[in-house]
Amino acid sequence: MPLLDDFSGFEFEDLMEDVFRNLGYENVHQARKTADEGRDILMEEVVDGTRRGVVVECKHTGSVGRPVVQKLHSAIATYDYDGPKRGIVVTTGQFSAPAEEYATRLRQNGDPYPIELIDGTDLRDIADEVGLDLYNGRIEILCNETLRPFDPASGVDAPVREAARDIQNLDADTLPEPHKLVDFQPYLTISARTDAVFETSVGVIHRINESNRFVIHATRGEPSIADSRLADLIANNGQQAVELDSDRFSTMFDDVDVTRYGQTETDYKEWAVSRLQRHHTTTVTYTGGNNVTYEKKCEPKQSDISVQAISPLYVPRVRQTLQLQQYTYPYSYYAAGPSRVAIEDGIHRCVHCEKENAKSYTYCANCGSINCGSHIKTERLEGTPVCTGCAVTERFVLKTKYFYDEENLEEFRSEYEQMALHEKAMENTPLVGGLLVSVVLLLGFILTSGVV
């Protein structure tokens, strides 16, 4: 099957825009299709500190002759760019001998506008470098960088211990080692620019000149926009990305998973362009030359939208599971070294009512539960916290007492039997206080009645 056989000329230009962007060129965008000036793609490169403009002519054809190269040379010369310039002709086919001779002579003569020729054979080498499937024109996403899944200065377990420090009756420094799972999730940062002008017989009625940048979750299915917290995490920590070395991370985590990118870069680019088309589409009301009011739907064309950068990066989604006796506490977050975006905090959740955001939580050492204030009591015999879920109870002086177990209850029964009457009464101080107040009031009433 011929190389990229089913592609139109415009589709080939669109593909090469993505290819050059992946090769590291900057400000890559297609030239406006207003006239055939021999300039299909415009971009920039920095060589030895010098920024240079690059003009590209794309030819999806079997053979490219000398006239095409000559035409590009003229297009470079007339291209309004403040700095040195050069050109590239890229084709899926091959170049004629006169075309190659002309390009070679430009270079040998030190022409200010040299031209590089890239043929179908060269494209195969480029394909290997950028992950391009030559036969369907899709660019695979090649990424081996990730945000840090933990802070080397504090260790993998640090987030769980930090979360547990405000749990009363729980020593965070003596916690057992949690089970640790990290799943490296694929994300893309896409930067694009929309430049569109809408005109009628009365002139320009609407203009769009806007840059957009968004972060998307890039698994299988429809891409989803990352929330602002996660987008900020990626933006603020992307420069500190490290190599995604599964073998190394498996020595620090119990389980390591890598979720691969669900679609090709080309797919995500097409999705981004469609999204921006919808975002910028609007209906404009204007008055014509005949003083009649009209409405016009202004929808940018695909050629009005230039995707300037597609930057892949893995984001570690860490789930640590803390086992305290019979209870399990999950703690999940997106990680970037010491920075985190919380996903789930099972440590600050009452095991009995699942209440979150309580004023305080207390650990029950008897069963391992973490409880809100409504489900924690003071154990009568030892004076330490016990939860309402595991405690055994009995009423003394009409007040419920809480005990770790039957053994503690039986021990207190024995103590209670040995108490003096006033000591037994003080096991329910509100009741005693209430009785005293009642007696005082009664005496007052009697004395008042007697005087009268």
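This tour moves through a predicted model, from the whole chain to one helix and then to two individual residues.

**The whole chain**

Begin with the full chain in cartoon view, where eleven helices and 26 strands are assigned. The radius of gyration is 37 Å, well over the 22 Å that the globule rule gives for 452 residues, so the chain is more spread out than a compact globule. Aligned to its principal axes, the chain has C-alpha atoms that fill a box of roughly 125 × 70 × 40 Å.

Next, colour by accessibility: buried residues make up 44% of the 452 residues. With the surface displayed, the chain exposes about 23,800 Å², and carbon and sulfur atoms supply 46% of that area. Of the contacts in the chain with a separation of 6 or more, 61% are between residues 24 or more positions apart. If the charged side chains are then selected, 45 positive and 71 negative charges appear; the mean positions of the two sets are 5 Å apart.

**Helix H1**

Select residues 9-22, which form helix H1. Does the distance between its ends agree or disagree with its length in residues? At 1.5 Å a residue, the 14 residues should span 20 Å, and the end C-alpha atoms are 20 Å apart, which agrees. Show the side chains of H1 and look for its buried positions: Phe12, Glu13, Leu15, Met16, Glu17, Asp18, Val19, Phe20 and Arg21. Acidic and basic residues are thus listed among the buried ones, including Glu17, Asp18 and Arg21. Just after the helix, centre on Gly24, which takes a positive phi of about 105°.

**Lys269**

From H1, move to Lys269, which is placed in helix H8, residues 265-280. Is this lysine buried or exposed? Lys269 is buried, because its relative accessible area is 4%, and the cut-off for that class is under 20%. Leaving aside residues up to four places away in sequence, Lys269 touches Asp14, Glu17, Asp18, Val307 and Ile310. Glu17 and Asp18 were met above as buried residues of H1.

**Glu210**

Finally, select strand E12, residues 203-217, and find Glu210 within it. Glu210 has 30% relative accessibility and so counts as partly exposed, a class that lies between 20% and 50%. Which residues does Glu210 touch, not counting those up to four places away in sequence? They are Ala192, Arg193, Thr194, His279 and His280. To end the tour, draw a C-alpha to C-alpha distance from Glu210 to Tyr333: the two are 123 residues apart in sequence and 33 Å apart in space.

Note on methods: Residues numbered from 1 in each chain as written. Predicted model: local features only at pLDDT ≥ 70, side-chain atom pairs only at ≥ 80, totals over all residues. Heavy atoms only, no water. Helix = DSSP H or I, 4+ residues; strand = E, 2+ residues; numbered from the N terminus. Expected span 1.5 Å × (residues − 1). Buried < 20%, exposed > 50% of the residue type's maximum accessible area, 1.4 Å probe, protein only. Rg over C-alpha atoms; globule rule 2.2 N^0.38 Å. Contact = heavy atoms within 4.5 Å. Areas by Shrake-Rupley, 256 points an atom, 1.4 Å probe, with all protein chains shown as cover. Lys, Arg positive; Asp, Glu negative; His and termini not counted. Charge placed at Lys NZ, Arg CZ, Asp CG, Glu CD.
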